[in-house]
Amino acid sequence: MSKEIVVSGIRSTGHLHLGNYFGAIQNYVKMQDAYDCYFFVADYHSLTTHPDPKALKPSVFRVLAENIASGLDPEKVALYAQSDVPEIPELYLMLNMLAYKGELEKVPTFKDKVRLHPENVNAGLLTYPVLMAADILIHRAVKVPVGKDQEQHLEMARNFAERFNSRYGEFFPEPQVFRFNSETVKIMSLDGTGKMSKSENVNATIYLSDTDEDIRKKIMKAKTDQGPAEPNAAMPDYIQNLFVLMSVTSGPETIARFTDAYNSCNIRYGDMKKQLAEDMVAFVAPIRDHAAEQQRDEATLRKILKTGAEKARESAAVTIAGARKLIGINYY
Ligand code: TRP
């Protein structure tokens, strides 16, 4: 039996951090054997914010290197750049004819952008969900591992698929969100102000590219308090988060030791953070160093992109041929 098709897009802006690692990449890594995976860097999407042309390639190569260093295996998944698959913009154009201005204007992520950047409300921003639908439907994917913030976009992809099907004939499966809830640990920012992925505070975010010193400094500055006032007290979010970070980087004895100390009101957060900092360094350093090594080896990254694009285009070509035929573009 053929494997189910999975698609996900990787943003090329911003450095990857622990929230990305545990929220997304680790899940991608778990999927790569069981599914037919297409993972791509969404470089066309990033053009909505007009990045510096000189910065584009380094950011694409960096995010690729960091994903590979985190365990994505280009031999198992198709790893490619969106801009290397011209069938995606072709399908985007077709889907744009089925997407309505009114529904696009209502999308919360669009409204946020309008509010934050009123000077750059371009049509690409408005049709961002259509391009995302094309990314997914181009492989007729059934599962899409995305976070909560992308669920509305996925619902729109289903709507566009359904609209295409009812106008031209059954063709696209309706892609569903792939959830990992139970296994996904949520990483909060170190200043206790919400999810690490949403944090704007670089000092409260641990990046996969941080030096050992950066990591130590950030962990030592993480928010704590005077400690629990009574045995077995409930943990405030920011303390809970330190234990979550320990649970993904430290050994079971270490976790048990500090949990016991907390529950018996003997915890010394300074000691806990020192231990966590060392375990975190041991966790991040190999990923960081592997990513740096990958990034220096451009020839290999280019080869990976090329092979990924070939695989993606093979699948995309079948979809485009089928869609053109259904639409009536079959002149020869
Ligand atoms: N919009 C997604 C994000 O901001 C990235 C993305 C682009 C994507 N195309 C996609 C995710 C297709 C899943 C499928 O994270």
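A residue counts as buried under 20% relative accessible area, as exposed over 50%, and as partly exposed in between. The legends below refer to a predicted model.

**Figure 1. Cys265 in the loop between α12 and α13.** Cys265 has a relative accessibility of 30%, and therefore counts as partly exposed. The residue is located in the loop that runs between α12 (252-263) and α13 (269-296). Its phi is positive, at about 60°, although Cys265 is not a glycine. Most residues other than glycine have a negative phi.

**Figure 2. Asn232 in the loop between α10 and α11.** Asn232 is another non-glycine residue with a positive phi, here of about 55°. The flanking helices of its loop are α10 (212-220) and α11 (237-249). With a relative accessible area of 58%, Asn232 is exposed, because the limit for that class is over 50%.

**Figure 3. Surroundings of the ligand.** The shell around the ligand holds 13 residues, and the closest are Gly9, Arg11, Tyr128, Asp135 and Gln150. Three side chains are shown with their distances to ligand nitrogen. An N or O atom in the side chain of Tyr128 is 2.8 Å from a nitrogen atom of the ligand. For the side chain of Asp135, the corresponding distance from an N or O atom to a ligand nitrogen is 2.7 Å. In the case of Gln150, a side-chain N or O atom and a nitrogen atom of the ligand are 2.9 Å apart. On its own the ligand has 360 Å² of accessible area, of which the protein covers 94%. Two elements, β1 and α8, give two or more residues to the shell. The largest share, four residues, comes from α8. By class, the shell residues are seven nonpolar, four polar and two charged.

**Figure 4. The buried face of helix α4.** Helix α4 spans residues 87-96, and its buried residues are Glu87, Ile88, Leu91, Met94 and Leu95. Viewed down the axis of α4, these buried residues fall within an arc of 120°, so they line one face of the helix. An α-helix has 3.6 residues a turn, so residues three or four places apart point the same way. The cover over the buried residues of α4 includes the strand β3 (78-81) and the helices α8 (128-137), α9 (151-168) and α14 (298-327).

**Figure 5. His17 in the loop between β1 and α1.** His17 is located after β1 (5-10) and before α1 (18-31), in the loop between them. Its relative accessible area is 7%, so His17 is buried. A polar atom of the His17 side chain lies 3.0 Å from the backbone nitrogen of Gly19. Residues up to four places away in sequence aside, His17 touches Met196, Ser197, Thr205, Ile206, Tyr207 and Leu208.

**Figure 6. The polar contact between Glu103 and Arg163.** Glu103 belongs to helix α5 (residues 101-105). A polar contact of 2.7 Å joins the side chains of Glu103 and Arg163. Not counting residues up to four places away in sequence, Glu103 touches Leu98, Met156, Phe160 and Arg163.

**Figure 7. Gly308 of helix α14 and its contacts.** Gly308 is found in α14. At 4% relative accessibility, Gly308 counts as buried. Leaving aside neighbours within four places in sequence, Gly308 is in contact with Ala78, Leu79 and Tyr80. The view also includes Val77, whose C-alpha atom is separated by 7.8 Å from that of Gly308, although the two residues are 231 residues apart along the chain.

**Figure 8. Phe61 of helix α3 and its contacts.** The helix that holds Phe61 is α3 (residues 53-69). Phe61 has a relative accessible area of 9% and is buried. Leaving aside neighbours within four places in sequence, Phe61 is in contact with Gln295, Glu298, Leu301, Arg302 and Leu305. Between the C-alpha atoms of Phe61 and Arg296 the separation is 9.6 Å, with the two residues 235 residues apart along the chain.

How values were computed. Residues are numbered from 1 along each chain as its sequence is written. This is a predicted model: local features need pLDDT of at least 70, side-chain atom pairs count only at pLDDT 80 or more; totals for chains, interfaces and linings use all residues. Side-chain values use heavy atoms; hydrogens and water are left out. Buried means under 20% relative accessible area, exposed over 50%, partly exposed in between (1.4 Å probe, protein chains only). The arc is that of the directions from the helix axis to the C-beta atoms. Contact means heavy atoms within 4.5 Å. A polar contact is a pair of N or O atoms within 3.5 Å; within protein, one must be able to donate a hydrogen and the other to accept it, and residues adjacent in sequence count only if both atoms are side-chain atoms. A residue is near a molecule or strand if one of its heavy atoms lies within 4 Å of it. Accessible areas come from the Shrake-Rupley method with a 1.4 Å probe; for residues, only the protein chains shown count as cover. Ala, Val, Leu, Ile, Met, Phe, Trp, Tyr, Cys and Pro count as nonpolar, Asp, Glu, Lys and Arg as charged, and the others, Gly among them, as polar.
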